[in-house]
Amino acid sequence: MKGKAPTSIITDGDRQMKYVIEQVFPEAHHRLCAWHLLQNATSNIGKPKFTRMFRDCVLGDYEVGTFQRKWFEMVEKFGIADKRWVQDMYERRHSWATAHIRGKFFARFRTTSRVCAMRVVDSEDNGSYFIHTVSRYGTPGKDWRVVAMSDLSEVRCTCMRMECFGVLCEHIIAVLVLNNVHEIPSSLILPRWTKDAKVATV
């Protein structure tokens, strides 16, 4: 790492490890390993249907409000509100739920969404910028907002995948397709993905 502290760390649920990371790397973002979480869900609850719903809460690309609703619906469905493991997981949700760790770079995708499943259902012209509403086919009510300057010098999406993973999300790509953009704007390519990345780092 050439003397640089890591910005993101993924570990299992060991609390001692969490304490050490906070002491040694106070600026690092700490995320719990999804695989270990699912294993723990299976061993603590022992219901395949619960594990599938829990996986959706862990990896689902949701707004915080949607995550909250899904979580409590799941807990009520299985009658596990009094389970200590369930309570502990909810208390630690900021270190494992995708909904709560947006804007923190972990260098990997957590969804298998395809751009072809996205469509722009509304566009609002605000003069110097547009607000596009993007929706997934067959999933009413699951919308994302893409704000784009008229010249595409700046584009942001409410899913924050650019901030989290450093790559374009399918919502922004849907907007580019709508505008017949055939080349990804330079504003949407982070320096670390270019051939000049090493030079910039030095």
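**Note on the fold and a few of its residues**

1. At 30% relative accessibility, M160 counts as partly exposed, because that figure is neither under 20% nor over 50%. The model is a predicted one. M160 sits in the loop that runs between strand 6 and helix 6. Its phi is positive, about 60 degrees, although M160 is not a glycine.

2. A second residue deserves the same check of its backbone. L152 also has a positive phi, near 60 degrees, and is a residue other than glycine. The position of L152 is the loop between strand 5 and strand 6. Is L152 buried or exposed? Its relative accessibility is 17%, and since the limit for buried is under 20%, L152 counts as buried.

3. On the overall make-up, the protein chain contains 8 helices and 6 strands. Their order along the sequence is β-α-β-α-α-α-α-β-β-β-β-α-α-α. Of the 202 residues in the protein chain, 37% are buried. The accessible surface of the protein chain is about 12,300 Å², and carbon and sulfur atoms account for 54% of that surface. Taking contacts in the protein chain between residues at least 6 apart in sequence, 50% link residues at least 24 apart.

4. The sheet comes next. It is an open sheet of 4 strands, ordered 3-4-5-6, with antiparallel pairing. Which strands stand at the edges? These are strand 3 (118-125) and strand 6 (155-157); each has a single partner strand, so one side of each has no neighbour in the sheet. From one strand to the next the twist averages 20 degrees. In general, strands of a sheet pair through backbone hydrogen bonds, and the pairing can be parallel or antiparallel.

5. Within this sheet, strand 5 (residues 143-149) and strand 6 run antiparallel and are joined by 3 bridges. V146 has C157 of strand 6 opposite. The loop between these two strands, strand 5 and strand 6, is the one that holds L152.

6. What lies across the sheet strands? Helix 7 (residues 170-178) lies across strand 3, strand 4 (129-136), strand 5 and strand 6. Helix 7 runs at about 70 degrees to strand 3.

7. Helix packing can be described for one pair. Two packed helices are described by the angle between their axes and the distance between the axes. For helix 3 (residues 48-59) and helix 4 (residues 64-78), the axes come within 10 Å and cross at roughly 165 degrees. That angle makes helix 3 roughly antiparallel to helix 4, because angles over 145 degrees are classed that way. The crossing of helix 3 and helix 4 is left-handed. On the helix 3 side the contact is made by K49, F50, M53, F54, D56 and C57. On the helix 4 side it is made by F67, K70, W71, M74, K77 and F78.

8. One last residue is C164, placed in helix 6 (residues 161-165). C164 counts as buried because its relative accessibility is 6%, which falls under 20%. How far apart are C164 and I101 in sequence and in space? The two residues are 63 residues apart in sequence, and their C-alpha atoms are 8.0 Å apart. In the loop before helix 6, as already noted, M160 is partly exposed.

Definitions and conventions: Residues are numbered from 1 along each chain as its sequence is written. This is a predicted model: local features need pLDDT of at least 70, side-chain atom pairs count only at pLDDT 80 or more; totals for chains, interfaces and linings use all residues. Side-chain values use heavy atoms; hydrogens and water are left out. Buried means under 20% relative accessible area, exposed over 50%, partly exposed in between (1.4 Å probe, protein chains only). Two strands pair if DSSP finds at least two bridges between them. Axes are lines fitted to C-alpha atoms, for helices over the stretch in contact, and angles run from 0 to 180 degrees between N-to-C directions. Contact means heavy atoms within 4.5 Å. Accessible areas come from the Shrake-Rupley method with a 1.4 Å probe; for residues, only the protein chains shown count as cover. Angles under 35 degrees count as roughly parallel, over 145 as roughly antiparallel, 65 to 115 as roughly perpendicular and the rest as oblique. A crossing is left-handed if the near helix is turned anticlockwise from the far one by less than a right angle, and right-handed if clockwise.
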